[in-house]
Amino acid sequence: MTDPRWTADEALERLYAAHWRQLVRLSVLLVRDLGTAEEVVQDAFIAVHKRWDKLRDHDRALAYLRQAVVNQSRSTLRHRMVVARHVARGPDPDPAAGAEPGEVLDRRSAVLEAMRALPQRQREVLALRYYLDLSEAEIADALGISRGAVKSHASRGAAALRELLRGDER
Amino acid sequence: MSDDDELRDLLTEAVADVEPAYRLDAIRARTSRPPRRRGWYAAGGAILAAAAVVTAVSVVNDDGRPRREAPASNGEHAVALYFVGDTPAGPRLYREFQRLPRSGGALAALEAITTRHGPDDPDYTSSWPGGSFKSVTVRDSRIDVELDPVAREVSGRLAVQQVVFTVQAATGTQLPVQLRSDGAEDVLVERAPENDVLSLVSISDPAEGLHVSGTFVARGRANSYEATVPWEIRASDGTVVENGFATAVGSVDRLYPWETERIRVSDLNPGTYTFVAMTDDPSGGEGRGPFTDTRTIIVD
């Protein structure tokens with residue numbers, strides 16, 4: 001699907017058009033805060049632009065973007081824990097938008113809160129597996145861990161997330 | 001529902017309403033190295049749009065001073081928008097260029113065709129309410145346009161083609177457009193033949209309300225008999241004070257560009273006039289009559 005004659009600028013615009021929103025959403029699952037997620041993904045796009053001469057391929061570039069988003073989300077979180085950064089903008093929908101039943105809104109923020117409560121690796125594996133629908137091999141590649149580790153983080157993470165959400169209903 | 005599906009749904013739903021801000025320009029600002037290449041989107045429609053900007057600027061006083069501000073780097077560009085207007089064949093689409101912030105992308109072009117923003121030419125209309133369009137995503141084989149529920153009341157082929165023509169111009173593509181809306185099935189729409197949905201003549205320049213003096217050149221697109229595009233300048237009482245014709249570069253299968261010679265207005269009294277471009281009507285009025293497009297011009 002990639003035209004090998006794409007320049008870095010052209011690739012950037014194509015990748016942006018196709019993946020910007022989904023990658024920001026992925027990052028929101030990891031860091032919760034939309035403003036932070038946008039920063040993280042923006043940096044990932046700048047990084048992929050810089051490396052385009054080496055990547056030269058849409059799929060490789062997308063894999064690189066994902067990896068950059070996950071890694072950067074992780075280090076942002078660490079940083080945030082240190083500075084206790086004020087969260088200026090959350091992903092919570094504008095209540096004035098109103099049309100959504102309250103139940104859905106509650107469930108959304110409950111899921112985001114629960115994700116945040118998970119250990120970092122579990123959170124990453126769940127986001128890549130269930131939000132991006134990546135295979136175990138792709139997740140292993142993106143996170144630089146073994147497929148066995150992916151499997152165990154996935155099953156523990158899924159169980160923990162369910163448990164957190166159940167606890168939330170009480 | 002399997003456990004996996006449940007988690008998939010929960011995570012997807014949790015971020016389904018997250019609409020990230022537009023950051024492409026911010027990213028570009030940090031990746032550009034002069035000399036910069038144009039982005040892929042600059043092909044096609046955007047190049048036409050650029051030509052229209054140059055035209056708007058080429059309207060000069062007799063002393064050569066430009067009458068309009070040069071389109072310097074003020075972050076705006078001319079965008080081709082399509083609006084609905086009457087023709088002898090019923091309502092059709094007319095193209096109008098408007099200056100929009102460069103950062104808005106195709107979504108800004110779509111927002112500009114809604115009634116919240118609307119056409120500069122009072123002869124045109126749109127049935128899309130403000131906020132109708134939530135996102136535009138260019139994919140490999142199509143363009144996805146996500147509709148807001150406020151767009152639900154809008155119907156009709158012409159309204160849909162208005163979106164197709166506008167978003168294709170804004171993205172410099174002719175990809176089919178997938179209309180998506182919560183609670184409704186996706187609809188994939190191909191661009192209709194120009195002869196079926198466009199007014200057979202439209203004016204790109206002058207823009208509505210342009211101040212002119214000395215001379216000016218008018219341009220547009222038409223599909224007219226023998227490629228002939230008659231034009232007139234009418235005074236406010238309807239009297240024709242100047243007329244002539246331009247020749248389009250083609251005809252029959254679609255609309256082709258036309259451009260007049262320099263039209264002299266220095267002999268006209270200052271005031272408001274109407275510039276009219278027409279298709280030729282070989283029937284001499286027996287048929288449905290000519291298509292026309294008009295622009296108000298102000299002679300200083």
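Guide: Two strands count as paired if DSSP finds at least two bridges between them. Keep that in mind as we look at this predicted model.

Visitor: What makes β11 and β15 of chain B a pair?

Guide: Strand β11 (residues 228–234) and strand β15 (residues 271–278) of chain B share four bridges, in the antiparallel sense. The cut-off is at least two bridges, so the two strands pair. Within this pairing, W231(B) stands opposite A277(B) of β15(B).

Visitor: How do you know that β15(B) and β16 of chain B pair?

Guide: By the bridge count again: eight bridges join β15(B) to strand β16 (residues 292–299) of chain B, also in the antiparallel sense. Since at least two are required, the two strands pair. As one example, T272(B) has I298(B) in β16(B) as its bridge partner.

Visitor: Why is A106(B) called buried?

Guide: There are 26 C-beta neighbours inside 10 Å of A106(B). Buried begins at 20 or more, so A106(B) is buried. This residue lies in helix α4 (residues 105–112) of chain B.

Visitor: Which residues is A106(B) in contact with, leaving aside its neighbours within four places in sequence?

Guide: They are V136(B), V167(B), A170(B) and T171(B). A further distance to look at is that to V145(B): the C-alpha atoms of A106(B) and V145(B) are 9.8 Å apart in space, and the two residues are 39 apart in sequence.

Visitor: And chain A: why is R56(A) called partly exposed?

Guide: R56(A) has 14 other C-beta atoms within 10 Å. Exposed needs 12 or fewer and buried needs 20 or more, so R56(A) is in between, partly exposed. You will find R56(A) in the loop between α3 (52–55) and α4 (58–83) of chain A. Its phi is positive, about 55°, although R56(A) is not a glycine.

Visitor: What makes D133(A) exposed?

Guide: For D133(A) the number of other C-beta atoms within 10 Å is 10. The limit for exposed is 12 or fewer, so D133(A) is exposed. D133(A) sits in the loop between α6 (120–131) and α7 (136–143) of chain A. Here too phi is positive in a residue other than glycine, with a value near 60°.

Visitor: How do you know that the peptide bond from D205(B) to P206(B) is cis?

Guide: Look at omega, which is near 0° for this bond. P206(B) belongs to the loop between β7 (201–205) and β8 (210–212) of chain B.

Visitor: Where do the chains meet, and how many residues of chain B are in contact with chain A?

Guide: On the chain B side there are 28 residues, in contact with 33 residues of chain A. α1 (3–14), α2 (24–31) and β3 (133–138) of chain B each supply at least two residues of that side of chain B. α1(B) gives the most, with eight residues. By class, that side of chain B has 14 nonpolar, four polar and ten charged residues.

Visitor: Why is α2(A) called oblique to α2(B)?

Guide: The axes of helix α2 (residues 34–50) of chain A and α2(B) come within 10 Å and cross at roughly 40°. Roughly parallel means under 35 degrees, and roughly perpendicular means 65 to 115, so the angle fits neither and α2(A) is oblique to α2(B). The crossing is right-handed. Where the helices meet, Q42(A), F45(A), I46(A) and H49(A) face A26(B), I27(B), R30(B) and T31(B). By class, this contact has four nonpolar, three polar and one charged residues.

Technical notes. Residues are numbered from 1 along each chain as its sequence is written. Chains are lettered from A and ligands numbered from 1 in the order in which they are written. This is a predicted model: local features need pLDDT of at least 70, side-chain atom pairs count only at pLDDT 80 or more; totals for chains, interfaces and linings use all residues. Two residues are in contact if their C-beta atoms, placed from the backbone, lie within 7 Å. Ala, Val, Leu, Ile, Met, Phe, Trp, Tyr, Cys and Pro count as nonpolar, Asp, Glu, Lys and Arg as charged, and the others, Gly among them, as polar. Axes are lines fitted to C-alpha atoms, for helices over the stretch in contact, and angles run from 0 to 180 degrees between N-to-C directions. Angles under 35 degrees count as roughly parallel, over 145 as roughly antiparallel, 65 to 115 as roughly perpendicular and the rest as oblique. A crossing is left-handed if the near helix is turned anticlockwise from the far one by less than a right angle, and right-handed if clockwise.
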